[in-house]
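Q: Could you take a close look at one part of this model for me, the place where two neighbouring helices pack, and then show how it sits among the other parts? I'd like one connected walk-through rather than a list.

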Amino acid sequence: MAEENNNAAVDVLAKSAHAANQIKGAVKAGKAIAGAAKGAAAGGPYGAIAGFAWENRKTIGKIMAAGAFVLAIPVLFILMLPSLVFGDLSSTAATDVMNNDAAIIANVECAQTTVNDCIGQAHADVLVRINKAISAQPEGSSSRIEDSFTGGILMDTNMLISQYCASKDMWNEININDLKQVINNHKNELFTYSVTTNTEKDGEQSVTVYTYTVQYVGGEKFKEIFKLDEQKEQLSQSYAENLSTFLYGSALAAGTAAVSADVERYSDKINAYAQQYGIPSFVAVIKCVMMAESGGRGTDVMQCSECPYNERFSKAPNSITDVDYSIEVGIKYFAECLKQAGCTLPGDMPRLSLALQGYNYGNGYIGWAQKNYGGYSQANAQEFSNMMKAKLGWTGYGNPNYVSAVLKYYLDTSTSGGGSDGWGSPFPGKDWKSVVTSEFGYRIDPVTGAKVAFHAGIDIGFPSGTIISAVKEGTVEAANYYTAGYGYHVIINHGGGYKTLYGHCSTLLVHVGDRVTKGQAIAKVGSTGKSTGPHLHLNVYVNGETQNPRNYIN
């Protein structure tokens with residue numbers, strides 16, 4: 001039987017690698033995987049990973065016969081993952097990780113860390129150029145630097161990794177060192193800066209102030225750097241979509257919305273219109289949007305009177321007086337925002353955040369954020385609001401904290417049961433225990449190299465953008481945006497002397513004073529502060545003393 005299974009596996013691989021033009025519709029695991037099948041026919045010719053799989057078909061066939069072959073995901077899907085998730089393809093060890101979740105996650109983290117390090121160095125270099133320009137200013141002048149990237153550069157690392165893999169026709173050319181070299185060769189092109197001058201009063205004296213604004217141009221630049229033609233660009237899109245499915249696919253899929261009865265009464269309408277406009281998997285998110293917009297009260301429950309799809313009522317705020325029409329227009333517009341953001345999965349937090357902020361601001365924000373920053377961040381949401389206020393002469397423009405205002409109503413239903421005394425998991429539905437990268441207790445400090453350093457929590461390695469959930473209900477005591485130490489972090493007071501800290505996040509989704517429930521999305525994994533790569537640092541405090549989180553969380 002094993003030999004029959006092996007032959008069948010090899011046969012599938014052969015058909016996958018040599019008949020990619022016929023695989024459209026062959027996989028029934030959803031739109032993302034069907035899209036990958038389309039992408040395979042476009043890649044040069046089928047993507048480097050297909051060549052690797054074909055040349056190693058016997059070894060892979062044995063893996064498939066013996067085990068799950070990457071969680072039993074269809075072969076065509078595996079062939080359409082960016083190759084770096086399997087490590088250095090020039091090594092036969094790549095086949096050894098195909099049934100190893102922890103190894104795959106580690107490879108993704110390694111690639112993400114490499115990218116972030118390279119981009120961070122490019123950012124440091126532009127600051128050197130700015131300071132050189134400052135030193136050449138006229139005597140008596142002043143300067144300031146406006147830099148939205150001091151806490152780290154928010155970018156779609158999954159897309160960059162996918163673009164790199166799609167650019168290679170030969171699988172044995174794909175490796176981390178080559179990716180690093182390509183980025184470093186172009187690092188001076190990734191950041192630029194603009195300079196404006198104005199005159200300000202310093203007491204009785206007028207002073208010329210030079211303002212240097214740092215700008216990130218790498219988002220679109222990488223298409224040029226990797227020399228992607230139309231076919232390879234499509235291949236990279238499929239790679240990125242599938243990688244998001246693999247990494248984040250279940251993050252919100254099992255979730256529900258912790259919303260009021262006023263919102264829940266519209267569930268049937270929300271389901272119907274979400275189905276009509278092709279986003280049925282976003283029903284829980286739509287309910288959270290309605291909760292943030294109106295709480296389900298009034299007639300314009302989706303607050304979309306000013307939306308371009310409103311063709312029956314005036315564009316004045318709250319002009320829609322038909323609840324059903326408000327729901328339809330709001331969902332249609334949200335579907336358009338998701339499309340522009342490239343978000344096909346509720347668990348793809350970077351793109352979902354971009355779409356949500358676009359819903360609030362108008363989708364002009366989406367293109368602006370993609371062009372200037374490569375995606376959403378709280379900092380650029382604030383910048384866009386300030387820019388539009390100045391442009392329109394208004395005192396306010398939208399809600400720069402809209403993403404957290406929506407996602408705070410999200411609950412993950414997989415947290416039922418929990419750990420000790422009602423404690424849950426920071427990553428519901430995910431095997432976090434197999435990706436703990438540093439335990440509680442004494443260790444060698446990974447940054448300073450100190451031989452005896454006490455680690456007050458545990459580090460859990462998941463890719464940047466992965467949703468972090470509250471492990472227990474409580475009240476947000478702190479939501480700090482530090483560039484050192486724990487970086488962007490949240491502290492929750494659970495009462496009874498218990499507190500938890502969630503450190504090194506890329507984005508915070510809650511604010512001081514918010515009441516949170518177990519399983520609620522509170523932040524996203526990042527690498528801010530004193531960090532060597534994307535991970536969650538989790539502390540548990542009992543009466544002010546740190547305790548081993550493993551004794552509490554599920």
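**A helix pair and its surroundings**

A: Helix α16 (residues 349-361) packs with helix α17 (residues 364-373) at an angle of about 135 degrees, and their axes lie 7 Å apart. Keep in mind that this is a predicted model. Angles over 145 degrees would count as roughly antiparallel and those from 65 to 115 as roughly perpendicular, and α16 and α17 are therefore oblique to each other. On the α16 side, the residues that meet the partner are L354, A355, Q357, G358 and Y361, and on the α17 side they are Y365, I366, A369 and Q370. Sorted by class, this contact has 6 nonpolar residues, 3 polar ones and no charged ones.

Y365 turns up again when you look at the nonpolar cores. The largest of them has 87 residues, and F334, L352, L356 and Y365 are those with the most contacts inside it. Helix α15 (residues 323-341) gives this core its largest share, 11 residues. Another core, of 31 residues, lies apart from it, and its members include I468, V516, V540 and I553.

That second core leads to strand β17 (residues 536-542), where 7 of the 7 residues are buried. Both of its faces are covered: L536, L538, V540 and V542 are buried on one side, while H537, N539 and Y541 are buried on the other. As for partners, β17 pairs with strand β9 (residues 458-460) in the antiparallel sense over 3 bridges, and I458 stands opposite L538 there. Strand β13 (residues 498-505) also pairs with β17 in the antiparallel sense, this time over 6 bridges, with L501 having N539 as its bridge partner. Then there's strand β18 (residues 545-547), joined to β17 by 3 bridges in the antiparallel sense; V542 is partnered with E545 in that pairing. β17 and β18 make a hairpin with 2 residues between them, and N543 in the turn takes a positive phi of about 55 degrees.

I468 from the second core brings in another sheet, given that β10 covers 467-469. This one is open, with 3 strands in the order β10-β16-β14 and antiparallel pairing. β10 and β14 (507-508) stand at the edges with a single partner strand each, so each has one side without a neighbour in the sheet. Between β14 and strand β16 (residues 521-524) there are 2 bridges, and L508 has A523 as its bridge partner.

Back to helices for a moment. In helix α14 (residues 283-293), 9 of the 11 residues are buried, so the rest of the structure largely encloses it. The buried ones are V283, A284, V285, I286, K287, C288, V289, M290 and M291. Just after α14, G295 has a positive phi of about 70 degrees.

Last up is an open sheet of 3 strands in the order β1-β3-β2, with mixed pairing. β1 (142-146) and β2 (191-202) are its edge strands, each with a single partner, so one side of each has no neighbour in the sheet. The twist from one strand to the next averages 20 degrees. β2 and strand β3 (residues 205-216) run antiparallel and are joined by 12 bridges, and the bridge partner of E200 in β3 is V207.

Conventions:
Residues numbered from 1 in each chain as written. Predicted model: local features only at pLDDT ≥ 70, side-chain atom pairs only at ≥ 80, totals over all residues. Heavy atoms only, no water. Pairing = 2+ DSSP bridges. Helix = DSSP H or I, 4+ residues; strand = E, 2+ residues; numbered from the N terminus. Axes fitted to C-alpha atoms, helices over the stretch in contact; angles between N-to-C directions. Buried < 20%, exposed > 50% of the residue type's maximum accessible area, 1.4 Å probe, protein only. Core = buried A, V, L, I, M, F, W, Y, C linked by side-chain atoms within 4.5 Å. Parallel < 35°, antiparallel > 145°, perpendicular 65-115°, else oblique. Contact = heavy atoms within 4.5 Å. Nonpolar A, V, L, I, M, F, W, Y, C, P; charged D, E, K, R; others polar.
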